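Got the viewer open? Let's take a short walk through the model, one selection at a time.

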Amino acid sequence: MSKNQYTVGLLFLAAGVVILLGKLGLFAFIGTNFWPLFLLIPGILLHVLFFGRLLPPFVLIPGAILTINAFLFFFCMAFGWSKMENLWPFVILSVAAGLYEYHLFDAYRPKFPLTLAIILALAAVSFFVIMLVWGWGLYIIAAFLIAAGAWLVVGRRARW
């Protein structure tokens with residue numbers, strides 16, 4: 001058997017296995033359940049390449065964004081996409097984390113990324129708080145206002 005026949009035979013064998021696995025649904029399963037790996041692997045790779053001193057520090061920004069969002073998507077795939085209704089501020093928080101990493105590991109410690117990271121983190125936390133307050137929190141606020149108003153009304157009469 002010549003070397004060319006052996007190579008062509010291996011290519012046919014590999015193509016047949018790939019087609020068979022595709023028809024059995026393996027690639028569809030991997031594509032529907034593990035697609036966040038296409039975000040996680042580049043995110044971690046950017047971190048590894050930076051800490052290996054192969055890339056400049058600004059790659060930490062997309063690295064953090066990709067990594068945090070990949071974990072967020074894995075969580076939503078495991079527990080349901082309806083959780084994204086409450087977890088979407090993590091997308092903003094991922095940008096803040098990337099900017100903070102950039103500030104932390106850049107030799108010059110630029111102030112603008114730190115300022116922007118703090119603003120974005122405060123915005124994300126504010127959105128979390130608003131979502132908590134929007135549900136049962138409105139009842140708590142209403143009860144607090146009623147109690148404060150009653151105390152002011154009753155307290156005033158007792159003082160007269």
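Start with the buried side of helix H6: select Pro 89, Ser 94, Ala 96, Gly 98, Leu 99, Glu 101, Tyr 102 and His 103, the buried residues of that helix. Keep in mind that this is a predicted model.

Now widen the selection to residues 89-105, which is all of H6. The helix has 17 residues and runs 24 Å from its first C-alpha to its last, close to the 24 Å expected at 1.5 Å a residue.

Stay on H6 and pick Phe 90, which is partly exposed, with a relative accessible area of 31%. Next, show the aromatic side chains: the structure holds 10 aromatic pairs. Add Phe 128 to Phe 90 and you have an edge-to-face pair, because the ring planes sit at 70°, over the 60 degrees cut-off, with the ring centres 5.3 Å apart. This pair ties together distant parts of the chain, since Phe 90 belongs to helix H6 and Phe 128 to helix H7 (residues 111-159), 38 residues apart.

For another aromatic stop, select Trp 35, Phe 73 and Trp 81, which form one cluster.

Last, colour the spans that an unreviewed UniProt entry lists as "transmembrane region": residues 7-28, 34-51, 58-81, 87-105, 112-130 and 136-154. Two of them are worth a click. Residues 34-51 are 83% helix and 0% strand, with end C-alpha atoms 26 Å apart. Residues 112-130 come out as 100% helix and 0% strand, and there the end C-alpha atoms are 27 Å apart.

How values were computed. Residues numbered from 1 in each chain as written. Predicted model: local features only at pLDDT ≥ 70, side-chain atom pairs only at ≥ 80, totals over all residues. Heavy atoms only, no water. Helix = DSSP H or I, 4+ residues; strand = E, 2+ residues; numbered from the N terminus. Expected span 1.5 Å × (residues − 1). Buried < 20%, exposed > 50% of the residue type's maximum accessible area, 1.4 Å probe, protein only. UniProt positions renumbered as here; feature names shortened; annotations may be inferred. Phe/Tyr/Trp six-rings, centres within 6.5 Å; stacked < 30°, edge-to-face > 60°.
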